[in-house]
Amino acid sequence: MKHEIVTWTVVFIVISCKFVQSRPRKPPNIILILTDDQDVVLGSMSAMNKTNHHLAKNGANFINAFVTTPLCCPSRSSILTGMYEHNTGVFDNQETCVSKEWIEGPEKRNFGAYLQQNQYRTGYFGKYLNRYNGSHIPDGWGEWVALLQNSRYYNYSINRNGNIHRHGDNYYRDYFPDLIANDSLTFFRLSKMNYPELPVAMVVSFPGPHGPEDGAPHYQHLFEGNQLHRTTTWNHVPNPDKHWIIQVMEPMTDLEIAFTDALQRKRLITLVSVDDAIQKVRL
């Protein structure tokens, strides 16, 4: 997860008036959509026309934003809590990811817990943290449909409100991006039907475009020949002024070049399902 970015904006407006009382403003619904390991500079948004239309066209694009730690579990922990890694205690994707210290400390102070205390209907759908094993449900989430372990599209397990469910490789029953898109929409609609006065906050956390890059079968024909990943730094050697790992790189072989092209295409295909989901949420 190299470029997951969360921006917290708090605006305090104080209006003093002796004789006029304004009506309390209804809290907004909050939907946080996460993708896993998505890039910007390699052209990934070119695969998301619906997202560009519904969100980017009329929204805000943060072009100079930074993640605190560009590594999956530490970054996700910061997104959930608003804390730097030295406060979450999550420094890697292994031992400190979903550690006892995390579960008993910072995890309890995720933003879902605070929103739930303020009358929000909360739900979490999708990938949580890399080492999550399904043994608990974090505080703050009234609806919980979370992936066990790292990103998968088929042949995975989820914790659904405390029960472990195993899924196979049937697209219509098991394709994870579609499953969490549909579950989150159902949660939102039922919440508005049964609790119309309460706001909803939910996270929808997709596996794409992270590996194993299993795109939906009906999109496998897309992006043939796409080379947006071939930027000016692609296959650029020598690099004597860079980190030693980059310094020792040699030009890619024909096989390696073909692999990068195939990987680019597979990654883009996974994002089309995310694009579909965002259109469903928007409508």
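Helices here are DSSP runs of H or I with at least four residues, numbered from the N terminus. The model is predicted.

**Exercise 1. Place Ser78 in the structure and decide whether Ser78 is buried or exposed.**

Solution. Start with the element: Ser78 belongs to helix 2, which covers residues 72-81. Next take the accessibility. Buried means under 20% relative accessible area. Ser78 has 6% relative accessibility, so Ser78 counts as buried. Last, list the contacts. Leaving aside residues up to four places away in sequence, Ser78 touches Thr68, Met83, Tyr84 and Glu85.

**Exercise 2. Classify the ring pair of Tyr128 and Trp144, then that of Tyr132 and Trp144.**

Solution. Two cut-offs are needed: ring centres must lie within 6.5 Å to pair, and planes over 60 degrees apart count as edge-to-face. There are 13 aromatic pairs in the structure. For Tyr128 and Trp144, the centres are 5.1 Å apart and the planes stand at 80°, so this pair is edge-to-face. The pair links distant parts of the chain, with Tyr128 in the loop between strand 2 (121-127) and strand 3 (143-147), and Trp144 in strand 3, 16 residues apart. Both Tyr128 and Trp144 are buried.

Now the second pair. The ring centres of Tyr132 and Trp144 lie 5.8 Å apart with planes at 80°, so this pair is edge-to-face. Tyr132 sits in the loop between strand 2 and strand 3, 12 residues from Trp144 in strand 3, and the pair links distant parts of the chain. Tyr132 is buried because its relative accessible area is 0%. Trp144 has 0% relative accessibility, so Trp144 counts as buried.

To finish, put the pairs in context. Ring pairs join Phe111, Tyr124, Tyr128, Tyr132, Trp141 and Trp144 into a cluster.

**Exercise 3. Check the span of helix 7 and find what covers the buried residues of helix 7.**

Solution. The expected span of a helix is 1.5 Å times one less than its number of residues. Helix 7 (residues 176-194) has 19 residues and should therefore span 27 Å. The C-alpha atoms at its ends are 27 Å apart, which agrees.

The next step is burial. In helix 7 the buried residues are Phe176, Pro177, Leu179, Ile180, Ala181, Asp183, Ser184, Leu185, Phe187 and Ser191. Their cover includes three strands of the middle of the numbering, given here by name: strand 2, strand 3 and strand 4 (157-160). It also includes helix 6 (171-174), strand 6 (200-209) and helix 9 (254-282).

Take one residue as an example. Asp183 is in helix 7. Its relative accessible area is 18%, so Asp183 is buried. Apart from residues up to four places away in sequence, Asp183 touches Phe125, Val145 and Arg160. Asp183 and Glu101 are 82 residues apart along the chain, and their C-alpha atoms are separated by 31 Å.

**Exercise 4. Describe the salt bridges of Asp36, Arg267 and Lys242.**

Solution. Side chains of opposite charge can pair when their charged atoms come close. The structure holds 9 salt bridges. In one of them, the side chains of Asp36 and Lys127 meet at 2.6 Å, N to O. This pair links distant parts of the chain: Asp36 is in strand 1 (residues 30-36) and Lys127 in strand 2, 91 residues apart. Asp36 and Lys127 are both buried.

Arg267 and Asp39 also form a salt bridge through their side chains, at 3.4 Å, N to O. Arg267 lies in helix 9 and Asp39 in the loop between strand 1 and helix 1 (49-56), 228 residues apart, so to speak of a link between distant parts of the chain is correct. Arg267 and Asp39 are buried.The third salt bridge joins Lys242 and Asp241, with the closest N and O atoms 3.1 Å apart. Lys242 has 40% relative accessibility, so Lys242 counts as partly exposed. Asp241 is exposed because its relative accessible area is 60%. Finally, salt bridges with shared partners join Asp36, Arg76 and Lys127 into one network.

**Exercise 5. Which residues make the nonpolar surface patch of about 510 Å²?**

Solution. The patch is made by Trp244, Ile245, Ile246, Val248 and Met249. Ile245 lies in helix 8 (residues 244-247). Its relative accessibility is 45%, so Ile245 counts as partly exposed.

Key: Residues numbered from 1 in each chain as written. Predicted model: local features only at pLDDT ≥ 70, side-chain atom pairs only at ≥ 80, totals over all residues. Heavy atoms only, no water. Phe/Tyr/Trp six-rings, centres within 6.5 Å; stacked < 30°, edge-to-face > 60°. Helix = DSSP H or I, 4+ residues; strand = E, 2+ residues; numbered from the N terminus. Buried < 20%, exposed > 50% of the residue type's maximum accessible area, 1.4 Å probe, protein only. Patch = residues over 30% accessible without salt bridge, like charges linked within 9 Å, V, L, I, M, F, W, Y side chains within 5 Å. Areas by Shrake-Rupley, 256 points an atom, 1.4 Å probe, with all protein chains shown as cover. Salt bridge = Lys/Arg side-chain N within 4 Å of Asp/Glu carboxyl O. Contact = heavy atoms within 4.5 Å.
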